[in-house]
Amino acid sequence: MQPSLLAVFAHPDDESLLAGGVLAQHHAAGARTAVVTATWAPASRRAPELAETLAVLGAGVPRLLGYGDARNAESAPGEHRLIDAPLDEAIGRLVAHIRDFKPEIVVTHDAVGQLTGHPDHVRTHQITLLAVEAAGLAHLHPEAGPPWQPAALYAATHPESGVGPLRPLLEGVGKTVLAVPDSYVTTSVDVTPWADVKWRAILAHRGEVTRVRPLPGILDRVPEADRVRIIQTEHFTRLTPGPTKSAPDRLTV
């Protein structure tokens, strides 16, 4: 059986774009899966779309930290933006979800902020690294429940050789493209069998599909064959217990 998997990403739609394939893969194999989303409040317009997406992926109900998006004031009125939130508070909120769900594997953003370097992506990466460690230590955030130590932490990433047709699509709408050296990638998962599920999950973020610059909208405008080529492989770097190529084609504990 595939190990249980908790995905921690900054915005609704990041989970589908970056790890929708492995979430669907693990769910299909009978593993428990869930998603924590760092920004957008439960009452925001994107929360129902996220709920529909997670139903498609078999990843339970939304788990929202409730912080504001760095670039969208309507995301969580009255709350700190994620990038302005007290660090220990944000870590504690995520620790509570890790201890509640008890995942064997946690997946999050990479250190460069996922292609475009969005500050929320970078901050989510930082918070997740600290929370995964803190979750296993009983004297840290005792209010968040009994300690639980995930066995592996992975960063979803994009190698330079794997950006391919994404580069001109993103640059065409004025976005920066940040990729990592191929040597940084430890695991590349062929999610072709789950590409249809992944695409349905992306499409559930309807508000982003109708816009010009977000990646769901970009992908919706390209020919199907090109879209499948873009979404059929997901790349990761194992961060704990350290980069290793012991299982280069799947996520392992």
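**View 1. A polar contact of 3.0 Å links the side chains of His109 and Gln114.** A polar contact here is a pair of N or O atoms within 3.5 Å; within protein, one must be able to donate a hydrogen and the other to accept it, and residues adjacent in sequence count only if both atoms are side-chain atoms. This is a predicted model, in which local features need pLDDT of at least 70 and side-chain atom pairs count only at pLDDT 80 or more, while totals for chains, interfaces and linings use all residues. Residues are numbered from 1 along each chain as its sequence is written, and side-chain values use heavy atoms, with hydrogens and water left out. His109 sits in the loop between S4 and H4; helices (H or I, at least four residues) and strands (E, at least two) are DSSP runs numbered from the N terminus. His109 counts as buried because its relative accessible area is 0%. Buried means under 20%, exposed over 50%, and partly exposed anything in between, using a 1.4 Å probe and protein chains only. Leaving out neighbours within four places in sequence, the contacts of His109 include Val8, Phe9, Ala10, Asp14 and Leu18, and further along the chain Gln114, His121, Thr124, His125, Ala155 and Ala156. Contact means heavy atoms within 4.5 Å.

**View 2. Thr187 and its neighbour Thr186 pair up through their side chains.** The polar contact between the two threonines, Thr187 and Thr186, is 3.3 Å. Thr187 belongs to strand S6, which covers residues 187–190. With a relative accessible area of 1%, Thr187 is buried. Look around Thr187 and you'll find contacts with Tyr154, with Glu234, His235 and Phe236, and with Ala247, Pro248, Asp249, Arg250 and Leu251, once neighbours within four places in sequence are set aside.

**View 3. Two residues other than glycine, Trp40 and Lys102, have a positive phi.** Most residues other than glycine have a negative phi. Phi is about 80° for Trp40 and near 55° for Lys102. Both sit in loops: Trp40 between strand S2 (33–39) and helix H2 (47–57), Lys102 between helix H3 (87–101) and strand S4 (105–108). Their surroundings are another matter. Trp40 has 2% relative accessibility and so counts as buried, whereas Lys102, with a relative accessible area of 38%, is partly exposed.

**View 4. Ala41 sits in the loop between S2 and H2.** Its relative accessible area of 16% makes Ala41 buried. Apart from residues up to four places away in sequence, Ala41 touches Ala47, Leu64, Gly66, Ser75 and Ala76. Want a long ruler? Ala41 and Leu129 are 88 residues apart in sequence, and their C-alpha atoms are 23 Å apart in space.

**View 5. Leu50 is a buried residue of helix H2.** Relative accessibility for Leu50 is 0%. Not counting residues up to four places away in sequence, Leu50 touches Pro12, Glu15, Thr37, Pro62, Leu64 and His205. One of these, Thr37, is 13 residues from Leu50 along the chain, with 9.1 Å between the C-alpha atoms.

**View 6. Ala134 lies in helix H4, residues 119–135.** Ala134 counts as buried because its relative accessibility is 7%. Beyond the residues up to four places away in sequence, Ala134 touches Ile91, Val95, Arg99, Leu140 and His141. Glu49 is 85 residues away from Ala134 along the chain, and the two C-alpha atoms are separated by 31 Å.

**View 7. Zooming out, the chain has 9 helices and 7 strands.** The C-alpha trace spans about 50 × 45 × 30 Å along its principal axes. The radius of gyration is 17 Å, which agrees with the value near 18 Å expected for a compact globule of 253 residues; the radius is taken over C-alpha atoms, and the globule rule is 2.2 Å times the number of residues to the power 0.38. Of the 253 residues, 55% count as buried. Among contacts between residues at least 6 apart in sequence, 76% join residues at least 24 apart. About 10300 Å² of the chain is exposed, with 56% of that supplied by carbon and sulfur atoms; areas come from the Shrake-Rupley method with a 1.4 Å probe, and for residues only the protein chains shown count as cover. As for charge, there are 23 positive and 28 negative side chains, and the centres of the two sets lie 1 Å apart. Lys and Arg count as positive and Asp and Glu as negative, without His or the chain ends, and each charge is placed at NZ of Lys, CZ of Arg, CG of Asp or CD of Glu.
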